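Biologist: Before I rely on any label attached to this model, I would like to hear the reasoning behind it. Can we take the labels one at a time?

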Amino acid sequence: MPGIQAHTFIKEMDLAYAAADIIVSRAGAIAISELCCVGKPIILVPSPNVSENHQYKNAQSLVNKNAALLVEDKDASRKLVSTLLDLVKDSSLQGSLSS
């Protein structure tokens, strides 16, 4: 789809965050702290391969504050693209998640 870019690794995250309209990310502690400062709408896909399911807990804490959407890793192949496209179309939700 035009306008959507996927990257495996980015060194200059500040530039990527600045250029992005919507961010899809894992939910590690560093990513969560950076994303809270960026103020962009985010979709979190927590890794299930971490100790004590901490990425899910990190993501859920933002979801509970209406600051992110959550797609579980096991559902990503079925739900991630539709969740992203729905968010792209919903400027009100984008604004809510950004604030």
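Modeller: Yes, with the reminder that this is a predicted model.

Biologist: Start with the cysteines. What makes C36 "partly exposed" and C37 "exposed"?

Modeller: The relative accessible area of C36 is 49%, and partly exposed covers the range between 20% and 50%, so C36 takes that label. C37 has 71%; the exposed class begins over 50%, so C37 belongs there.

Biologist: How do you know that the sulfurs of C36 and C37 are not bonded to each other?

Modeller: The cysteine sulfur closest to that of C36 is in C37, at 6.8 Å. The cut-off for a disulfide is 2.5 Å, so the separation is too far for a bond. From the side of C37, the closest cysteine sulfur is that of C36. The count of disulfides in the structure is 0.

Biologist: Why is S25 called buried or exposed?

Modeller: Its relative accessibility is 16%. Buried means under 20%, so S25 counts as buried. S25 sits in strand 1, residues 23–25, and is in contact with A31, L35, I43, L44 and V45, leaving aside neighbours within four places in sequence.

Biologist: Which residues make up the largest nonpolar core?

Modeller: There are 11: Y17, A20, I23, A27, I32, L35, I42, L44, A59, L62 and A68. Helix 2 (29–38), strand 2 (42–44) and helix 3 (54–63) each supply at least two of them. Apart from this core lies another, of 8 residues, including I22, V71, L84 and L87.

Biologist: What does L62 touch?

Modeller: Not counting residues up to four places away in sequence, L62 touches I32, C36, I42, L44, A67 and A68.

Biologist: And what is L69 in contact with?

Modeller: Beyond its neighbours within four places in sequence, L69 is in contact with I42, I43, L44, V63, T83, L87, L93 and L97. L69 is in strand 3, residues 69–70.

Biologist: How do you know that A19 is not among the contacts of L69?

Modeller: A19 is absent from the list of contacts. The C-alpha atoms of L69 and A19 are separated by 20 Å.

Biologist: Last, the largest pocket. Which residues are closest to its centre?

Modeller: Q5, A6, I22, I23 and V24, out of 29 that line the pocket. Its volume is about 1100 Å³. Helix 4 gives the largest share of the lining, 5 residues.

Biologist: How does that lining divide by residue type?

Modeller: Into 21 nonpolar, 6 polar and 2 charged.

Key
Residues are numbered from 1 along each chain as its sequence is written. This is a predicted model: local features need pLDDT of at least 70, side-chain atom pairs count only at pLDDT 80 or more; totals for chains, interfaces and linings use all residues. Side-chain values use heavy atoms; hydrogens and water are left out. Buried means under 20% relative accessible area, exposed over 50%, partly exposed in between (1.4 Å probe, protein chains only). Helices (H or I, at least four residues) and strands (E, at least two) are DSSP runs, numbered from the N terminus. Contact means heavy atoms within 4.5 Å. A nonpolar core is a set of buried Ala, Val, Leu, Ile, Met, Phe, Trp, Tyr and Cys residues joined through side-chain atoms within 4.5 Å. On a 1 Å grid over the protein atoms alone, a cavity is a set of points where a 1.4 Å probe fits but cannot get out, and a pocket is an open set with protein on both sides within 12 Å along at least five of seven lines; lining residues have an atom within 4 Å of a point. Grid points are joined across faces, edges and corners, and a volume is the space filled by probe spheres set on the points. Ala, Val, Leu, Ile, Met, Phe, Trp, Tyr, Cys and Pro count as nonpolar, Asp, Glu, Lys and Arg as charged, and the others, Gly among them, as polar.
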